[in-house]
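Biologist: Could you walk me through the empty spaces and the ligand in this model? I am new to this, so please go slowly.

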Amino acid sequence: MKIREIFKEKKLTISFEIFPPKTSSTIESIYDSIETLASLKPDFISVTYGAGGSNSKLTLNIASIVENKYQVNSLAHLTCVGASQYSIDETLKFMQENNIENVLALRGDIPKDFAGELFKDFSHASDLIYYIKDKTNMCVGGACYPEGHVESLSENMDIKNLKLKALAGSDFFITQLFFDNSFIYKMEDKLNLLDVDIPIIAGIMPITNKKQIMRMAELSGCSIPEKLGRILNKYEYNPDALRDAGIIYACEQILDLITSNKIKGIHIYTMNKPEIAKRILNNISTLR
Ligand code: FAD
């Protein structure tokens, strides 16, 4: 089912993100994760894509398994950095042949050792969104950044570029991780001022590891609020406590987002740890 159709039926969607395992030896573990996540009956599960096409087959195969074996709506991520129209056409063909109706159209991060031509047929995500909407009837989402994209010269420029994704036909946006809800509310206000009224799904990252989260925050330009900083410092060397505190923090963020009535969905970055997603869902099951 297309995510834009789910929005018509539900006030709030709940979804998960998974990523393809790095090595083929761990491939079985992803199927266990999908099985647990599917049992939680999410509205959809998204599968990340290696920018530049690395692991692209794995993404498509996993999205197909989510959709066809587990009967859960899948959202396949797709990047256009280094991609040609031909390669995108081939990917879209595979998706359509495998009942994958939803795609998250991204530019992708620029891979470090990419040898080919970076921008062949598509320069920005909005080009890819427009192309897919023009060629298919698929439901297409785009990425958005509550604190602005790291490469962006200014927040206002970033919001204007986000409007281009909306004009290209984006059906919804999913946010990058953020730990301070005021940023998503401000982003939404700025979009409204530009007459952009597209469903926004909040991407929530439960913290489980200080080093990992600090690295992600640095790479993505997302800030660490003081309250979260204290949690990271206090439980840095106590993984059980850090995991529990991370779940509590994520649930508090989600409660605030749900009661704001400003978002259309909660997308949990599971980091392929379904037990954490399960605990979060248990806590918010009556809150929708
Ligand atoms: P764009 O929208 O093209 O934006 C990139 C930069 O260019 C921004 O600074 C923007 O302001 C600017 N820009 C956009 N349009 C224009 C224009 N017309 N003129 C001038 N400047 C412009 N990466 C992966 O590799 N694989 C994944 O699976 C993946 N999944 C993601 C899922 C989510 C929910 C999010 C938020 C990000 C994901 N990413 C993924 C990361 C993403 O690819 C990077 O953040 C990337 O650097 C930007 O992608 P984008 O689609 O936002 O690009």
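Here are some questions and answers about the ligand, its pocket and a cavity.

Modeller: Happy to help! This is a predicted model, in which local features need pLDDT of at least 70 and side-chain atom pairs count only at pLDDT 80 or more, while totals for chains, interfaces and linings use all residues. Residues are numbered from 1 along each chain as its sequence is written, and side-chain values use heavy atoms, with hydrogens and water left out.

Biologist: Where does the ligand sit?

Modeller: On a 1 Å grid over the protein atoms alone, a pocket is an open set of points with protein on both sides within 12 Å along at least five of seven lines. A molecule sits in one if more than half of its atoms lie within 2 Å of its grid points. By that test, the ligand is in the largest pocket.

Biologist: Which element gives the largest share of the lining of the largest pocket?

Modeller: Lining residues have an atom within 4 Å of a grid point, and the largest pocket has 50 of them. Helices (DSSP runs of H or I, at least four residues) and strands (runs of E, at least two) are numbered from the N terminus. Six residues, the largest share of this lining, come from helix 6.

Biologist: Which element gives the most to the shell around the ligand?

Modeller: A residue is near the ligand if one of its heavy atoms lies within 4 Å of it. Strand 3 (74-79), strand 4 (102-106), helix 6 (155-167) and strand 6 (172-175) each supply at least two shell residues. With four residues, the top contributor is helix 6.

Biologist: How far is an oxygen atom of the ligand from an N or O atom in the side chain of Y145?

Modeller: A polar contact is a pair of N or O atoms within 3.5 Å. H77 has a polar side-chain atom 2.9 Å from a ligand oxygen, and N161 has a side-chain N or O atom at 2.9 Å from one. For Y145, the distance is 2.7 Å.

Biologist: What volume does the largest cavity have?

Modeller: A cavity is a set of grid points where a 1.4 Å probe fits but cannot get out. Grid points are joined across faces, edges and corners, and a volume is the space filled by probe spheres set on the points. P206, T208, Y269, T270, M271, K273 and I276 line the largest cavity. Its volume is about 30 Å³.

Key:
Polar contact = N/O pair within 3.5 Å; in protein donor to acceptor, adjacent residues only side chain to side chain.
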